[in-house]
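User: I would like to go through this model by asking why each label was given. Please set every value against its definition before you conclude.

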Amino acid sequence: MIWASGWKLASAVSNAGGLGIIGSGSMYPDVLREHIRKCRLATNRSFAVNLPLLYPDIDKHIQIIIEEGVKIVFTSAGNPKTWTGVLKEKTITVVHVVSSSKFARKAEEAGCDAVVAEGFEAGGHNGREETTTMVMIPAVVNAVKIPVIAAGGMATGRQMLAAMVMGAEGVQMGSRFVASEEASSHISFKKAVIASQEGDTILTMKQLTPVRLIRNKFYGQVQAAEESGASVGELKELLGRGRAKRGMFEGNLDEGELEIGQVSSLLKGILPAGEIVKKVWQEFMDGLHNPIQIL
Ligand SMILES: Cc1cc2nc3c(=O)[nH]c(=O)nc-3n(C[C@H](O)[C@H](O)[C@H](O)COP(=O)(O)O)c2cc1C
């Protein structure tokens with residue numbers, strides 16, 4: 001996750017038994033290299049790098065990922081055809097994030113090893129179709145033969161169990177780990193995340209790149225612009241540069257873009273990432289042994 005998942009969070013998740021992912025989308029190439037190296041020093045376990053395919057310096061990121069011997073790459077926001085072959089040639093496992101069965105099939109055709117099926121509930125950039133995770137998982141599981149990882153609205157072990165009952169082989173949790181001690185997100189943003197209530201997030205900016213965020217002053221400006229029929233160019237100008245950084249990293253809760261998922265309303269505290277993984281696992285096991293409560 002941009003402005004959240006550096007080496008500290010990724011290594012803490014991996015050390016606890018999850019697969020930590022470094023979010024390279026907010027990193028300059030040399031910063032990415034540093035995070036990969038620090039992550040390797042902080043954990044002996046596997047970790048991955050997330051690579052938004054629309055990143056302007058993508059070829060430099062790819063080069064660093066290969067040079068640094070990263071074994072697993074999660075790609076998103078772009079065409080998986082362009083880089084999957086290059087990564088696979090270096091025996092890197094490639095997982096692509098999709099928002100529909102159609103894109104899942106394309107990822108499979110492009111040679112990806114697995115897909116993350118990310119639903120409407122998810123924080124950050126999202127599909128236009130508004131398909132919820134509950135609907136998307138069974139659809140994507142039916143559409144492809146490669147493993148499906150469920151994302152969007154996954155914050156507890158019981159949600160993870162539900163996703164697996166529907167055929168997912170794993171889950172990707174985002175928002176839950178923004179509210180972790182190791183996330184590099186600004187503390188004011190983390191506090192806003194755990195204070196948020198049902199209905200406080202919304203999927204917006206569908207004309208540009210749809211994104212789920214907290215309704216704040218900046219969102220109010222976007223909404224007003226959209227209602228007055230603003231053009232794509234005008235919306236781009238309003239968005240400007242560095243909005244996400246301003247909100248999530250610098251903690252400007254009024255003027256910044258505060259990307260987070262609907263599950264933020266379920267989150268009650270900021271915990272160490274390792275404790276979150278442990279808690280999720282306990283909830284999952286509890287759910288497995290007591291799956292439904294019958295009166
Ligand atoms: C602050 C934030 C930043 C994110 N940045 C990225 C990113 O750079 N690349 C990506 O593929 N997904 C990104 N995501 C999406 C997450 O990886 C994940 O799929 C999503 O959060 C799952 O839904 P959830 O928020 O309901 O857990 C981001 C999500 C959040 C909340």
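**Labels and their grounds**

Analyst: E130 lies in the loop between β6 (124-125) and α6 (133-143), where helices (H or I, at least four residues) and strands (E, at least two) are DSSP runs, numbered from the N terminus. This is a predicted model, in which local features need pLDDT of at least 70 and side-chain atom pairs count only at pLDDT 80 or more, while totals for chains, interfaces and linings use all residues. Residues are numbered from 1 along each chain as its sequence is written, and side-chain values use heavy atoms, with hydrogens and water left out.

User: Why is E130 called partly exposed?

Analyst: Buried means under 20% relative accessible area and exposed means over 50%, with partly exposed in between (1.4 Å probe, protein chains only). E130 has a relative accessible area of 34%, and is therefore called partly exposed.

User: What makes the backbone of E130 notable?

Analyst: Its phi is positive, at about 65°, although E130 is not a glycine. As a general background, most residues other than glycine have a negative phi. M205 is another such case, with a positive phi of about 55° although it is not a glycine either. M205 lies in the loop between β9 (201-204) and β10 (211-214), and it is called buried because its relative accessible area is 4%.

User: How do you know how many disulfides there are?

Analyst: A disulfide is a pair of cysteine sulfur atoms within 2.5 Å, and by this rule the count comes to 0 disulfides. Among the cysteines, C39 has 0% relative accessibility and so counts as buried, and C112, at 4%, therefore counts as buried too.

User: Which residues come nearest to the ligand, and what makes a residue near?

Analyst: A residue is near a molecule or strand if one of its heavy atoms lies within 4 Å of it. There are 19 residues around the ligand, and S76, E118, G153, Q172 and S175 come nearest. The shell divides into 9 nonpolar, 8 polar and 2 charged residues, where Ala, Val, Leu, Ile, Met, Phe, Trp, Tyr, Cys and Pro count as nonpolar, Asp, Glu, Lys and Arg as charged, and the others, Gly among them, as polar.

User: What makes the pairing of S76 with the ligand a polar contact?

Analyst: A polar contact is a pair of N or O atoms within 3.5 Å; within protein, one must be able to donate a hydrogen and the other to accept it, and residues adjacent in sequence count only if both atoms are side-chain atoms. An N or O atom in the side chain of S76 is 2.8 Å from an oxygen atom of the ligand. For a nitrogen atom of the ligand, a polar side-chain atom of N50 lies at 2.8 Å, and a polar backbone atom of I2 is 3.1 Å from a ligand nitrogen. On its own the ligand has 600 Å² of accessible area, of which the protein covers 93%, the areas coming from the Shrake-Rupley method with a 1.4 Å probe and, for residues, with only the protein chains shown counting as cover.

User: Why is N126 called buried, and what does its side chain reach?

Analyst: N126 has 11% relative accessibility and therefore counts as buried, although it lies in the loop between β6 and α6. Its side chain reaches the backbone oxygen of A122 at 3.1 Å, and a polar atom of that side chain lies 3.2 Å from the backbone oxygen of F120. Contact means heavy atoms within 4.5 Å, and, leaving out residues up to four places away in sequence, N126 touches E118, G119, F120, L203 and P210.

User: Why is E68 called buried, and which side chain does it meet in a polar contact?

Analyst: The relative accessible area of E68 is 11%, so it is buried. E68 is found in the loop between α3 (58-67) and β3 (72-76), and its side chain makes a polar contact with the side chain of R33 at 2.7 Å. Residues that E68 touches, beyond four places in sequence, are R33, I36, R37 and R40.

User: How do you know that L9 is buried or exposed?

Analyst: L9, found in helix α1 (residues 7-15), has 4% relative accessibility and so counts as buried. L9 and A183 are 174 residues apart in sequence, yet their C-alpha atoms are 5.4 Å apart in space.
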